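Here is a friendly walk through one model, meant to be read with the viewer open. Have a look at the coordinates, and then join the tour below.

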Amino acid sequence: GCRMPGLKCRAKDCSYNMEQFCSARAIRVGRNPSAAYCDTYTHNSPAATAARHRLLDGLNTEFGADIGAPKITCTASECAYNKAFRCQASRVEIDDAQNSVLTRCLTYRPK
């Protein structure tokens, strides 16, 4: 299959953020009229924190595991990188949280 996007995340207070890598298996990007946002952003939920610890434990034993590349589902259909609800950008950057609520997809580019 095709290579999954490399994802860099600046949302330091997100439960899935591990030193700018995303530990979520999949993320969903949604939109409002002006921008696209990471809908998977979770402010320190216990379940996400537990998943992050499990991933860290796995990385200790499985050297070279590819983190930072979750599957990205995107509902911003007017984004140039969106092909049938999948993100085709080779690099994706998620912004720091605005008011601890929204994290913008900085890669979003209208067609």
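## Burial, fold and confidence

Buried residues, meaning those under 20% relative accessible area (exposed is over 50%, partly exposed in between, with a 1.4 Å probe and protein chains only), make up 41% of the 111 residues in the chain. This is a predicted model, in which local features need pLDDT of at least 70 and side-chain atom pairs count only at pLDDT 80 or more, while totals for chains, interfaces and linings use all residues. Residues are numbered from 1 along each chain as its sequence is written, and side-chain values use heavy atoms, leaving out hydrogens and water.

The chain has one helix and nine strands, where helices (H or I, at least four residues) and strands (E, at least two) are DSSP runs numbered from the N terminus. Their order from the N terminus is β-β-β-β-β-α-β-β-β-β. Contacts (heavy atoms within 4.5 Å) reach far along the sequence: among those with a separation of 6 or more, 67% join residues 24 or more positions apart. The accessible surface, computed by the Shrake-Rupley method with a 1.4 Å probe, is about 6,900 Å², and carbon and sulfur atoms hold 52% of that.

How confident is the predictor? On the pLDDT scale, which gives confidence in each residue from 0 to 100, the chain has a mean of 80, and 76% of its residues reach 70 or more. Confidence is highest in strand 7 (residues 82-83), at 94, and lowest in helix 1 (residues 46-61), at a mean of 64. Over residues 61-65 the pLDDT is below 50, and this stretch has one contact in the model beyond near neighbours in sequence. Where pLDDT is low, predicted coordinates should not be read in detail.

## The core and the segment after strand 9

A nonpolar core is a set of buried Ala, Val, Leu, Ile, Met, Phe, Trp, Tyr and Cys residues joined through side-chain atoms within 4.5 Å. The largest one has 23 residues, and those touching the most other members are Leu7, Ile27, Val29, Ile72, Val92, Ile94 and Cys105. Two or more residues each come from strand 1 (6-9), strand 4 (26-31), strand 5 (36-38), strand 6 (71-74) and strand 9.

Threonine 107 lies in the segment after strand 9 (91-94) and counts as buried because its relative accessibility is 17%. Its side chain reaches the backbone nitrogen of glutamate 93 at 2.9 Å. Leaving aside residues up to four places away in sequence, threonine 107 touches Tyr81, Ala89, Arg91, Val92 and Glu93.

Leucine 106 is also in the segment after strand 9, but is partly exposed, at 34% relative accessible area. With the same sequence exclusion, leucine 106 touches Arg10, Glu93 and Asp95. Its C-alpha atom is 8.6 Å from that of tyrosine 37, 69 residues apart along the chain.

## Cysteines and a loop

The structure holds zero disulfides (pairs of cysteine sulfur atoms within 2.5 Å). Two buried cysteines show why, as each is too far from its closest cysteine sulfur for a bond:

| Cysteine | Relative accessibility | Closest cysteine sulfur |
|---|---|---|
| Cysteine 14 | 6% | Cysteine 9, 5.9 Å |
| Cysteine 22 | 11% | Cysteine 9, 6.3 Å |

Most residues other than glycine have a negative phi. In the loop between strand 7 and strand 8 (86-87), alanine 84 has a positive phi, near 55°, and is exposed at 71% relative accessibility. Phenylalanine 85 lies in the loop between strand 7 and strand 8, has a positive phi of about 70° and is partly exposed, at 49%.

Conventions
Polar contact = N/O pair within 3.5 Å; in protein donor to acceptor, adjacent residues only side chain to side chain. pLDDT = per-residue confidence, 0-100.
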